[in-house]
Every structure is written in structure tokens, then in C-alpha cells.
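Colleague: I should like to learn how individual features of a model are read. May we take them one at a time?

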Amino acid sequence: MSHLHVPDGVLPNWIVLASWIITISILALCVLRVRRTHMLRKIPLIGIISAIMVACMMLPIIPFAYHLNLSVVAGIMLGPSLAFIAVFIVDIIIAMFGHGGITVVGLNTIVVGAEAVIGYYLFQIAMAMLKKHSIAWSSGIATVLSLMLSTSLLLGFLYISQVDVQILFEADKERVSTTSFEEKEVSTAEHSSSINVPKFAKVALILLSLGWILEGVITALVIRYVSGVRPDLLLPDAVK
């Protein structure tokens, strides 16, 4: 996973506001771009892919506590603009299920949307470099690289926000805890000093790399299957 599962009130207000402004601006550009696209065929596909993404994000893979995003699948099948719109829809839906707060939707849309957009372009580059002999390898490589970049983007947001990463892990637990308000204040104060973000980033990247490989394999299998049975569902550049 490459997005934050934290409730409202944890991240600084300025980064929440900035991420929402950026997300809304990108969405506006995406809507302007897709107005020139034939949408009758794409709208059902957006719904199907969004539903699959929601299901995957709500089902953690034990014992890694990792869940699939399938954002690169969305990017390859929908294109950058429609995929970003689909990611926003998915993040809104999963936030309503308690999968992170509403205020974090903007930041999560940027990060997961970046996966879809970067994954689409990396897929096109990989297809050209591999002479289009292996759509599975191209989609798998694009997925691993895009997840690596989007996770780095997320860690960058955490670094500039100066939030204590320990609070991110304990936020959900404190939200449902029966401890008193004073006890929560003491708990938060104990973690007020910032944890070494570079050290945290190294650990996170090592652990999440297993998830990137897993998602890369699954994405490769999905795209290869779709290209075999319904190549018309992929973008023209992916099947030429």
C-alpha cells in the first residue's frame, strides 16, 4: 500500500489544504481532457475497475498487512486522466468505510493517482523497449517502479509535514480506545518529538518492496489475461 490509513486531525492543516487544492486542480484538468474522449465505452469500465480497486484495498493480505491497489491496472486500461478520476472515487468510498479520514483523501488521491499516471507511461516505455513482445513483463515492471516512486512521494509528504510517524500508527488505536482525554494527551506528548524519518523510510521501503513485487506479479497476470481475452478493453497503444 502507498497511502495513509489515518483518521482526520493527525496531519497538519496546511498539508491537508494544499493536497486538496492540488487534487481538485488535477481533477479539473482531467475532466477537461476526457471531455474530448468517447465516454460511452469508458464509463462502465471506470465503474468496474473502481469497484475492483475498492474490494482489493479493503482486503489486507495476511501476514504482510499489505493490500493491493491495482492503480497501474487502472492507468493502463483507462489512461492517465480517467484513472486519476477513478482513484479519487475509490479514495472517497474507502474513506467512508473508515479506511483513513476524509481530510486525507486529497493526499491519498495524489499518491495513488501518481501510481496510475506514472504506471501508464512506464508501461508504454517498457512496451517500446521490449519490442512489445511481453505485455506481462512491461506491466509488471511498470507497477513495481510506479509503486516505488509513489511510496517515495508519500514519504516526502511525511517528511515535510514533520508529523511523528509513531502517531500515525497509533492514531486508529487511540481513536477507539477507552482511555480518558487526559491519558490521550499524555500519550501524544510522549511522541511529540519527531522520529528519524530517513531511518523510518529505509525500513518502510524494505518491507513494502515485498508488496510491490506481489502487486507487480498480479498486475502482470491481469493485464496479460485481459490482453488475451478482451484486447479491446486495453488502450490502443497497449495492444498494437
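Colleague: Is Cys56 buried or exposed?

Modeller: Cys56 is buried at a relative accessible area of 18%, where buried means under 20%, exposed over 50% and partly exposed in between, with a 1.4 Å probe and protein chains only. Cys30 is likewise buried, at 7%. The model is predicted: local features need pLDDT of at least 70, side-chain atom pairs count only at pLDDT 80 or more, and totals for chains, interfaces and linings use all residues. Residues are numbered from 1 along each chain as its sequence is written, and side-chain values use heavy atoms, without hydrogens and water.

Colleague: How many disulfides does a search of the whole structure find?

Modeller: In general, a disulfide is a covalent bond between the sulfur atoms of two cysteines. Here the criterion is a pair of cysteine sulfur atoms within 2.5 Å, and the search of the whole structure returns zero.

Colleague: How should one read the phi of Leu70?

Modeller: Most residues other than glycine have a negative phi. Leu70 has a positive value, near 55°. Leu70 sits in the loop between helix H2 (42–57) and helix H3 (71–78); helices are DSSP runs of H or I with at least four residues, numbered from the N terminus. At 10% relative accessibility, Leu70 counts as buried.

Colleague: Where is Gly75, and what separates its C-alpha atom from that of Val117?

Modeller: Gly75 belongs to helix H3 and is buried, with a relative accessible area of 0%. Its C-alpha atom is 5.9 Å from that of Val117, although the two residues are 42 residues apart along the chain.

Colleague: Which residues does Ser138 touch, leaving aside those up to four places away in sequence?

Modeller: Contact means heavy atoms within 4.5 Å. By that criterion, Ser138 touches Phe123, Ala126, Met127 and Leu130. Ser138 lies in helix H6 (residues 135–161) and is buried, with a relative accessible area of 0%. A polar atom of the Ser138 side chain lies 3.0 Å from the backbone oxygen of Ser134.

Colleague: Which residues make the nonpolar surface patch?

Modeller: A patch is made of residues with over 30% relative accessible area and no salt bridge, nonpolar side chains (Val, Leu, Ile, Met, Phe, Trp, Tyr) being joined within 5 Å and like charges within 9 Å. A salt bridge is a side-chain nitrogen of Lys or Arg within 4 Å of a carboxyl oxygen of Asp or Glu. Met58, Leu59, Ile89, Ile93, Met96, Phe97 and Ile102 make a nonpolar patch of about 680 Å². One of them, Ile89, is in helix H4 (residues 80–96) and is partly exposed, at 35%.

Terms used. Helices (H or I, at least four residues) and strands (E, at least two) are DSSP runs, numbered from the N terminus. Accessible areas come from the Shrake-Rupley method with a 1.4 Å probe; for residues, only the protein chains shown count as cover. A polar contact is a pair of N or O atoms within 3.5 Å; within protein, one must be able to donate a hydrogen and the other to accept it, and residues adjacent in sequence count only if both atoms are side-chain atoms.
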